[in-house]
Amino acid sequence: MKRRRMTEILIEGNPELADRLASEIRHHYPVRELAAPRQGLTMIKMRETAKQSLFYLGEVLVTEAKVEIGDHIGVGIVAGVREKLAGDLAVIDAACRAGLSETAGWTAMLEAEEIRLADRKRRELAALEKTKVQFDTMEE
Amino acid sequence: MGYVAVKGGTEAIEASIDRLKYERLKGGEQVEVSAILSSMRLLIDQVMSEASLYSPELAALAIKQAEGSMEEAVFLLRAHRSTLPRLYYSETVEPERMAVERRISASFKDIPGGQLLGATHDYTHRLIDFSLLEEQEEERQQWLQQYEGELSALEDAAGDGTYPKVVEYLRNEGLFETFEPDNTEPDDVTKNVFQFPASRSERLQILTRGQTGAVTALGYASLRGYGQVHPTVGEVRVGYLPITVPAHGGEDGDDSYYIGSVRATEVESFVPMPTKGPDGKQELRFEIGYGICYGQNETKAIAMSILDQCLEHPESDAPSHDEEFVLLHVDTVESTGFISHLKMPHYVTFQSKLDSVRNTRKGRDGHES
């Protein structure tokens with residue numbers, strides 16, 4: 001599974017999933033902490049719709065962690081103050097970069113969480129749909 | 001007269017800080033940061049927007065520490081931000097990826113995807129609700145249960161929460177000018193002092209982090225005649241923008257890291273501008289003013305869209321088209337900082353002015369006698 005998709009599932013989904021996957025790796029491999037979870041900033045680059053140019057919208061507080069498994073460095077980055085999750089994401093990232101055998105079994109769990117997230121999203125959309133305006137044309 | 005260094009007041013300052021804490025605590029009840037987070041959404045949005053730092057948790061803490069003072073809370077966040085390393089720059093956020101929870105248009109009744117009111121105070125009676133004085137936890141839970149129960153009975157909706165842009169619809173009709181994506185790296189006013197004339201990216205960055213009141217006041221001034229922009233709002237949307245950062249050595253977007261999303265309000269205003277047609281006759285065409293800010297703050301985003309359009313037309317003599325006038329006066333920390341520095345000791349400079357007045361009078365009195 002591609003990193004963009006996987007990180008979205010792990011960040012938006014139940015953090016217990018990231019904990020479970022990272023624990024599995026920590027249990028079987030030595031994980032060296034390169035950078036303990038720390039707070040920093042990410043500057044958001046944005047496109048505006050009037051002239052299609054780029055500008056900086058502002059910064060977002062992030063928590064970042066780095067670990068190493070063998071020769072493979074993993075990075076965990078998440079918006080907000082979420083040290084545990086950043087650490088777990090870093091371990092999962094390193095495991096994927098290293099191609100550890102355990103990662104092959106993760107796809108089903110990640111897809112199940114993705115389905116749960118999609119269900120939640122559809123319910124939220126349905127709730128918002130209730131606020132959609134149905135215009136009636138007034139007759140004289 | 002030279003400067004005279006003085007010292008003193010340390011004990012008084014310490015006592016003053018104790019007094020400040022006493023003012024915060026003496027009421028006996030304290031609002032927890034978690035309560036601010038869950039109930040002061042729009043205040044948090046405004047603080048984050050003016051601080052140019054998206055962190056609801058830190059904004060709530062700053063609000064508590066500042067006893068609800070906007071300027072103080074923004075100052076605290078800006079100061080804290082300056083202690084943190086900037087670790088990443090995001091990939092370009094494309095606005096059409098916003099997961100929309102509210103979008104309306106003042107220009108068209110029927111817009112592709114429909115008008116979605118979402119959560120807004122716009123249609124509420126602006127009457128104080130005295131029942132909130134008696135609101136009980138049990139009552140709140142009961143309401144929530146009932147509301148969520150009603151929602152769970154709804155059929156799931158299709159789609160991913162994104163909506164087509166009204167402006168793109170008009171561009172496709174050939175009614176608005178189209179622009180190719182311009183990927184020129186933006187300037188950053190937090191890294192370099194900007195020079196006049198400012199670049200478009202600098203203008204937008206300064207406006208989006210501007211003080212809500214200042215941006216609104218100058219936008220309003222433009223409408224009242226101190227500018228030449230009076231738009232129709234094409235679209236206001238509120239929703240969440242997904243943020244990704246590129247992976248080191250990553251080749252495409254699928255390699256990037258998703259890090260979360262930020263809530264923002266985005267506005268496109270349609271502004272009629274007189275122009276000469278191919279036959280040399282005067283005709284009207286539309287231009288777009290762009291506004292955006294963190295959180296749900298529609299007034300600020302609309303006002304920003306007015307000022308964006310004003311600053312695109314510096315040929316006007318009106319003050320809201322003067323970028324120095326606008327850009328140097330909308331920042332919260334700069335304006336409140338400069339105004340409030342006036343209460344700091346100016347003993348020597350004022351003494352010097354007093355001496356000047358005395359000498360002038362002495363000279364005049366001597367001359368008259």
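Strand β1 (residues 32-47) of chain A reaches across to chain B and joins β2(B) through three bridges, the two strands running parallel. In this predicted model, the register of that pairing can be read off residue by residue: A:Thr42 has B:Tyr88 as its bridge partner in β2(B), and A:Met43 is partnered by B:Tyr89. Back within chain A, β1(A) also runs antiparallel to strand β2 (residues 54-69) of chain A, and here 13 bridges hold the pair together. One of the matched positions in that pairing is A:Arg38, which sits across from A:Glu64 of β2(A). The hairpin that β1(A) and β2(A) form has six residues between its strands, and among them A:Gln52 takes a positive phi near 65°.

The strand pairing is just one piece of how the chains meet. Overall, 69 residues of chain B are in contact with 48 residues of chain A. On the chain B side, the elements giving two or more residues are β1 (53-54), α4 (56-65), β2 (86-89), α8 (200-208), β4 (232-245), β5 (257-276) and β6 (282-294). Of these, β5(B) supplies the largest share, six residues. Sorted by class, the side of chain B that touches chain A comes out at 31 nonpolar, 19 polar and 19 charged residues. As for confidence, the model scores ipTM 0.96 and pTM 0.93, while chain B averages a pLDDT of 92, with 96% of the residues scoring at least 70.

Three of the chain B strands that touch chain A, namely β4, β5 and β6, turn up again in an open sheet of four strands. The order in that sheet is β3-β4-β5-β6 (chain B), and the pairing is antiparallel. At the edges are β3 (99-104) and β6 of chain B, each of which pairs on one side only. From one strand to the next, the twist averages 20°. The pairing of β5(B) with β6(B) runs over 13 bridges, again in the antiparallel sense, and B:Lys276 stands opposite B:Gln282 of β6(B).

Turning to the helices of chain B, α10 (residues 298-311) is a good place to start. Helix α9 (residues 212-226) of chain B packs against α10(B) at an angle of about 55°, and the axes are 8 Å apart. That angle makes α9(B) oblique to α10(B), and α9(B) passes α10(B) in a left-handed crossing. From α9(B), the contact draws on B:Thr212, B:Val215, B:Thr216, B:Leu218, B:Gly219 and B:Ser222; from α10(B), on B:Thr299, B:Lys300, B:Ala303, B:Met304, B:Ile306, B:Leu307 and B:Cys310. By class, that gives seven nonpolar, five polar and one charged residues.

Helix α10(B) has another partner in α8(B): their axes come within 10 Å and cross at roughly 150°. The two helices are therefore roughly antiparallel to each other. Here α8(B) passes α10(B) in a right-handed crossing. On the α8(B) side, B:Arg203, B:Leu204, B:Leu207 and B:Thr208 meet B:Met304, B:Leu307, B:Asp308 and B:Leu311 of α10(B). The class count for the contact of α8(B) with α10(B) is five nonpolar, one polar and two charged residues. B:Met304 and B:Leu307 appear in the contact with α9(B) and again in the contact with α8(B). Helix α8(B) is also among the elements that give two or more residues to the side touching chain A.

Elsewhere in chain B, helix α5 (residues 70-81) packs with helix α12 (residues 332-341) at an angle of about 115°, the axes lying 10 Å apart. The crossing of α5(B) and α12(B) is left-handed. It brings B:Glu71, B:Val74, B:Phe75 and B:Arg78 of α5(B) into contact with B:Thr332, B:Val333 and B:Thr336 of α12(B). By class, the contact of α5(B) with α12(B) has three nonpolar, two polar and two charged residues.

Two loops of chain B also have backbone features to point out. The peptide bond from B:Phe196 to B:Pro197 is cis, with omega near 0°, and B:Pro197 lies in the loop between α7 (166-172) and α8 of chain B. B:Ser52 is not a glycine, yet it has a positive phi of about 60°. That residue, B:Ser52, lies in the loop between α3 (41-51) and β1 of chain B.

Definitions and conventions. Residues numbered from 1 in each chain as written. Chains lettered and ligands numbered in written order. Predicted model: local features only at pLDDT ≥ 70, side-chain atom pairs only at ≥ 80, totals over all residues. pLDDT = per-residue confidence, 0-100. Axes fitted to C-alpha atoms, helices over the stretch in contact; angles between N-to-C directions. Parallel < 35°, antiparallel > 145°, perpendicular 65-115°, else oblique. Left-handed = near helix turned anticlockwise from the far one by under 90°. Contact = placed C-beta atoms within 7 Å. Nonpolar A, V, L, I, M, F, W, Y, C, P; charged D, E, K, R; others polar. Pairing = 2+ DSSP bridges.
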